[in-house]
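Please take a moment with the sequence and the model below before reading on. The paragraphs that follow go from the strands to the interior and then to the charged pairs.

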Amino acid sequence: MSVQTMSYHKLFDTYREKRVLFTLTNGRQIRATVQEIENELDGWDEPLFMIKPDNPSDPIDLGLHEIRTIKLI
């Protein structure tokens with residue numbers, strides 16, 4: 001299932017507080033721990049992944065539109 005078609009609740013249940021490998025739409029990969037996932041009820045236009053990346057220079061927030069795939073690691 002594509003992460004873009006998953007419901008917010010499915011994203012939350014599957015990835016919150018988990019170690020993941022994000023592949024972004026530009027091809028870049030980021031290993032991180034998902035700390036929180038927020039949505040429209042929190043004031044965002046789309047689900048927003050708040051992450052703790054392994055590499056401190058990587059972004060700490062990712063919008064769903066930036067993500068191609070997410071893999072649990």
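In this predicted model, strands β1 and β5 pair in the antiparallel sense, and 5 bridges join them. One of the places where this pairing can be followed is Val20, whose bridge partner in β5 is Leu72. The two strands belong to an open sheet of 5 strands, which run in the order β4-β3-β2-β1-β5 with antiparallel pairing. Because β4 and β5 stand at the edges and have a single partner strand each, one side of each is left without a neighbour in the sheet. Neighbouring strands of the sheet are turned against each other by 45° on average, when direction is ignored. As a general point, the strands of a sheet pair through backbone hydrogen bonds, and the pairing may be parallel or antiparallel.

The helix α1 packs on this sheet, where it touches β1, β2, β3 and β5, and its direction makes about 120° with that of β2.

What lies in the interior? The largest nonpolar core has 18 residues, and those with the most contacts inside it are Val3, Tyr15, Phe22, Phe49, Ile51, Ile67 and Ile70. At least two residues of this core come from each of α1, β1, β2, β3 and β5, while β2 gives the most, with 4 residues. In soluble globular proteins, nonpolar side chains tend to be buried together. Ile51 can serve as an example of the contacts made by a core residue: leaving aside residues up to four places away in sequence, Ile51 touches Phe22, Ile30, Ala32, Thr33, Val34, Gln35, Pro59, Ile60 and Leu62.

Val20, already met through its partner Leu72, is found in strand β1. Is Val20 buried or exposed? With a relative accessibility of 0%, Val20 counts as buried. Not counting residues up to four places away in sequence, its contacts include Tyr15, Ile30, Ala32, Val34, Ile70 and Leu72. The C-alpha atoms of Val20 and Asp54 are separated by 10 Å, although the two residues are 34 places apart along the chain.

Asp54 leads on to the charged pairs, for the structure holds 4 salt bridges. In one of them Asp54 is joined to Arg19, with the closest N and O atoms 2.9 Å apart. Since Asp54 lies in the loop between β3 and β4 and Arg19 in strand β1, this pair ties together parts that are 35 residues apart in sequence. Asp54 is partly exposed, with a relative accessible area of 44%, and Arg19, at 33% relative accessibility, also counts as partly exposed.

Another salt bridge joins Asp58 and Arg28, whose closest N and O atoms are 2.2 Å apart. Here Asp58 lies in the loop between β3 and β4, and Arg28 in the loop between β1 and β2, so the pair ties together parts that are 30 residues apart in sequence. Asp58 counts as buried at 9% relative accessibility, whereas Arg28 is partly exposed, with a relative accessible area of 37%.

A further salt bridge links Arg16 with Glu36, the closest N and O atoms being 3.1 Å apart. This pair connects distant parts of the chain, as Arg16 sits in the loop between α1 and β1 and Glu36 in strand β2, 20 residues apart. Arg16 is partly exposed, with a relative accessible area of 24%, and Glu36 is partly exposed with a relative accessible area of 24%. Through salt bridges that share partners, Arg16, Glu17 and Glu36 are joined into one network.

Definitions and conventions
Residues numbered from 1 in each chain as written. Predicted model: local features only at pLDDT ≥ 70, side-chain atom pairs only at ≥ 80, totals over all residues. Heavy atoms only, no water. Salt bridge = Lys/Arg side-chain N within 4 Å of Asp/Glu carboxyl O. Buried < 20%, exposed > 50% of the residue type's maximum accessible area, 1.4 Å probe, protein only. Core = buried A, V, L, I, M, F, W, Y, C linked by side-chain atoms within 4.5 Å. Contact = heavy atoms within 4.5 Å. Pairing = 2+ DSSP bridges. Axes fitted to C-alpha atoms, helices over the stretch in contact; angles between N-to-C directions.
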